[in-house]
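Work through the exercises below with the sequence and the model at hand. Each task is followed by a solution in steps.

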Amino acid sequence: MNNADIGKIMLEIGELLEIKGDMIFKIRAYLKAAEILSTYPEDLVKLYKETGIKGLTQIPGIGEGLAKKLEELFNTGKIKYFEDLKKELPEGLLELLSVQGVGPKKAKIFFEELGIKDLKGLEKAVKSGKLKGLKGMGEKTEENILKGIEYRKKGNERMRLGDALPIAEGLIKELKAAGAKEAVFAGSLRRGKETAGDIDILVTAKEHGKAIEAFTSFERVSRVLAKGGTKASILTKDGIQADLRVLAPDEFGAALNYFTGSKDHNVLLRELAIKKGLKLSEYGVFKGEKRFASKTEEEVYRALGLPYIEPELREGRGEIEAALNGKLPRLVELGDIRGDLHMHTAASDGTGSIRELVSAAKKKGYEYIGITDHSASLKVARGLSSELLLKRIKEIETLNKNLKGLRVLCGSEVDIKPDGTLDYNDGLLSRLDYAIGSVHTSFRMKKDDMTKRVIRAFKSGRMKIFGHPTGRLLNEREPYEIDMGEVISAAAGEGVALELSASPYRLDLTDINCRAAKEKGALVSINTDSHAIGELDNMKYGVTTARRGWLEKNNVINCLSLKALLRFLAK
DNA sequence: GCCGTTTTCGGCCCGACTGTTTTCAGTCG
């Protein structure tokens with residue numbers, strides 16, 4: 001049972017309690033716990049085994065009551081309270097909550113009045129007109145629920161950051177061209193989250209109507225969902241929803257803060273405001289009726305006695321406490337990156353040549369790059385034979401002699417075989433500048449075995465970077481089972497850097513694991529894993545994710561000078 | 001159910017919109 005599973009159980013308990021109509025604050029405690037537990041950096045089962053119930057109550061948001069339920073779950077695999085709830089209310093009701101416009105109250109009415117137990121039942125009931133006559137439900141409600149069910153069926157998954165960001169930037173550009181004074185995106189996109197559910201855009205404009213008109217008639221619009229005096233929603237041709245809000249300049253900062261979120265961050269800010277006898281809303285910070293901060297985000301934070309908090313940190317994961325104590329990290333920036341240590345050429349499964357990569361890296365102002373084609377056994381990616389790799393070492397040696405301002409390192413992305421050995425022999429590995437060890441085969445190993453496999457490779461002393469550590473592909477493939485807590489500790493101990501793959505398909509390490517790495521003293525290497533020249537530009541996504549993981553320059557090996565990096569690799 | 005420069009009780013974020021109402025509940029972000 002991993003943390004995500006545990007969080008899901010807490011979520012389901014909370015939602016069932018909502019439907020049941022239990023105390024709102026009890027419900028909130030469960031929902032909050034769900035959020036905290038599912039993103040908790042340590043393996044919770046392990047934490048319990050090592051520290052007992054005390055360790056669990058150390059987690060903010062987990063008190064004695066929840067800790068006991070967790071204990072029961074870990075020991076028996078079940079929570080009686082949850083099982084009883086499920087007897088009372090069918091589990092299928094939870095599906096209903098994912099339909100836009102259906103919340104706990106409606107779900108309860110559907111169950112009690114019509115015996116609806118799941119989504120299918122709801123659809124049938126709507127279509128046969130059974131909702132009419134229920135309290136508070138008319139034609140419009142029926143229509144909306146049907147639309148909601150259709151939308152949900154389409155499998156509207158969240159869009160990857162790398163797909164959503166260019167669309168948002170495109171919309172911003174068009175809005176500015178259409179006369180918007182300021183135009184920015186907010187929401188999870190601004191916080192740099194790995195996926196976005198929609199695109200929130202805020203603008204200030206002289207004429208509100210004009211901005212709305214422009215927004216709803218862009219080329220990329222496929223459908224206008226709503227259009228009013230100050231806001232509008234569209235569906236783009238890429239199938240993502242974009243919401244526009246037009247604001248007065250003097251409320252821009254407060255609105256930007258509010259619409260950037262996260263919800264948890266906002267709630268905590270508001271609680272802080274209350275403690276100070278103030279009120280915070282999307283219109284500003286108020287003392288009584290009087291508004292005294294709203295123009296810029298800096299102003300809003302200052303009014304609450306806080307320094308500016310970077311959007312990537314606004315997840316309600318301790319950033320406000322850190323801000324209060326003057327302990328906010330100085331987050332790594334794209335400009336701090338001095339090189340890219342993971343890229344492929346046409347020799348294996350890439351498309352470019354070393355020379356092309358060198359020239360592109362020079363344009364970025366990099367001091368070094370590492371060429372890391374695949375190793376021999378990875379036949380699907382045309383991994384290099386030992387002979388070819390030896391040739392490659394010589395080739396790069398020669399290249400470096402005539403190269404100014406950039407050093408090319410000769411590395412390899414070496415497969416970690418199922419038994420934990422590396423795919424080239426020791427002698428050959430020792431001649432490389434470094435090796436990235438990666439898992440490309442036998443993804444379905446048991447958690448324990450996978451963890452041992454990787455740690456054994458760490459202990460070889462021949463790999464300096466652990467490539468895309470969890471193997472996930474966003475929206476496509478779940479991570480393989482591995483105990484990241486243990487892996488991160490081992491990485492810190494063995495001097496292996498954990499890769500943060502900047503590929504928008506991976507972003508692996510996750511933000512949460514980055515933070516755990518920082519706390520345990522493991523270093524991170526932010527690499528693009530480029531297979532084509534243009535992919536070198538993906539570095540920004542990696543840096544964003546690193547920032548979400550609270551990483552600073554000194555946590556990242558490719559922020560080191562060449563000299564310091566070589567020292568790290570030689571260790 | 002959690003939590004404490006409001007500390008073991010009594011708090012727990014704020015506002016808009018929608019659809020159904022005739023003053024508001026439910027849902028959403």
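A disulfide is a pair of cysteine sulfur atoms within 2.5 Å. The structure to which this cut-off is applied here is a predicted model.

**Exercise 1. Cysteines**

Task: Find how many disulfides the structure holds, and explain why Cys514 is not bonded to the closest cysteine.

Solution:
- Step 1. Look for the cysteine sulfur closest to that of Cys514; it belongs to Cys559.
- Step 2. Take the distance between the two sulfurs, which is 12 Å.
- Step 3. Compare this with the cut-off of 2.5 Å. The sulfur of Cys559 is too far from that of Cys514 for a bond.
- Step 4. Count over the whole structure: there are 0 disulfides.
- Step 5. Check the surroundings of two cysteines. Cys514 is buried at a relative accessible area of 0%, and Cys410 is buried at 3%.

**Exercise 2. Domains**

Task: State which domains chain A is divided into, and find how many residues of domain 1 are in contact with domain 4.

Solution:
- Step 1. Go along chain A. Domain 1 covers 3–153, domain 2 covers 159–247, domain 3 covers 251–324 and domain 4 covers 334–570.
- Step 2. Take the centres of domain 1 and domain 4 over C-alpha atoms; they are separated by 40 Å.
- Step 3. Look for contacts between these two domains. On the side of domain 1 there are 5 residues, and they are in contact with 6 residues of domain 4.

**Exercise 3. The second largest pocket**

Task: Describe the lining of the second largest pocket and explain where this pocket lies with respect to domain 1 and domain 2.

Solution:
- Step 1. Begin with the volume, which is about 960 Å³.
- Step 2. Turn to the lining, made up of 25 residues. Those closest to the centre of the pocket are Gln100, Tyr151, Leu225, Leu235 and Gln241.
- Step 3. Assign lining residues to helices and strands. The elements α9 (139–153), β5 (221–227), β6 (231–236) and β7 (241–247) supply at least two residues each. The most come from α9, which gives 5 residues.
- Step 4. Sort the lining by class: 9 residues are charged, 9 are polar and 7 are nonpolar.
- Step 5. Compare with the domain bounds. Both domain 1 (3–153) and domain 2 (159–247) give residues to the lining, so the second largest pocket lies between them.

**Exercise 4. The largest cavity**

Task: Find how many cavities of 30 Å³ or more the structure has, and state which residues line the largest cavity.

Solution:
- Step 1. A search of the whole structure gives 1 cavity of 30 Å³ or more.
- Step 2. The volume of the largest cavity is about 40 Å³.
- Step 3. Its lining consists of Asn257, Tyr258, Asn266, Leu269, Arg270, Leu280, Ser281 and Glu282.
- Step 4. At least two lining residues come from each of α13, α14 and β8 (279–281), and α14 gives the most, with 3 residues.
- Step 5. By class, the lining has 3 nonpolar, 3 polar and 2 charged residues.

**Exercise 5. Backbone geometry**

Task: For the peptide bond from Gly261 to Ser262 and the one from Asp508 to Leu509, decide: cis or trans? Then find the sign of phi, positive or negative, in Asp529 and Trp550.

Solution:
- Step 1. From Gly261 to Ser262 omega is near 0°, and the bond is cis. Ser262 sits in the loop between α13 (252–260) and α14 (263–275).
- Step 2. From Asp508 to Leu509 omega is near 15°, and this bond is cis. The loop that holds Leu509 runs between β16 (497–501) and α22 (511–520).
- Step 3. Asp529 is not a glycine, yet its phi is positive, about 55°. Asp529 is placed in the loop between β17 (524–527) and α23 (539–548).
- Step 4. Trp550, also a residue other than glycine, has a positive phi near 65°. Its place is the loop between α23 and α24 (562–570).
- Step 5. Check accessibility against the limit of under 20% for buried residues. Asp529 has a relative accessible area of 7% and is therefore buried; Trp550, at 9%, counts as buried.

**Exercise 6. One strand residue**

Task: Is Thr204 buried or exposed, and which residues does Thr204 touch?

Solution:
- Step 1. Locate Thr204 in strand β4 (residues 198–204).
- Step 2. Its relative accessibility is 1%, so Thr204 counts as buried.
- Step 3. Leave out residues up to four places away in sequence. Thr204 then touches Ala180, Lys181, Glu182, Leu247, Ala248, Pro249 and Phe252.

Methods. Residues are numbered from 1 along each chain as its sequence is written. Chains are lettered from A and ligands numbered from 1 in the order in which they are written. This is a predicted model: local features need pLDDT of at least 70, side-chain atom pairs count only at pLDDT 80 or more; totals for chains, interfaces and linings use all residues. Side-chain values use heavy atoms; hydrogens and water are left out. Buried means under 20% relative accessible area, exposed over 50%, partly exposed in between (1.4 Å probe, protein chains only). On a 1 Å grid over the protein atoms alone, a cavity is a set of points where a 1.4 Å probe fits but cannot get out, and a pocket is an open set with protein on both sides within 12 Å along at least five of seven lines; lining residues have an atom within 4 Å of a point. Grid points are joined across faces, edges and corners, and a volume is the space filled by probe spheres set on the points. Helices (H or I, at least four residues) and strands (E, at least two) are DSSP runs, numbered from the N terminus. Ala, Val, Leu, Ile, Met, Phe, Trp, Tyr, Cys and Pro count as nonpolar, Asp, Glu, Lys and Arg as charged, and the others, Gly among them, as polar. Domain bounds come from an automatic or database domain assignment. Contact means heavy atoms within 4.5 Å.
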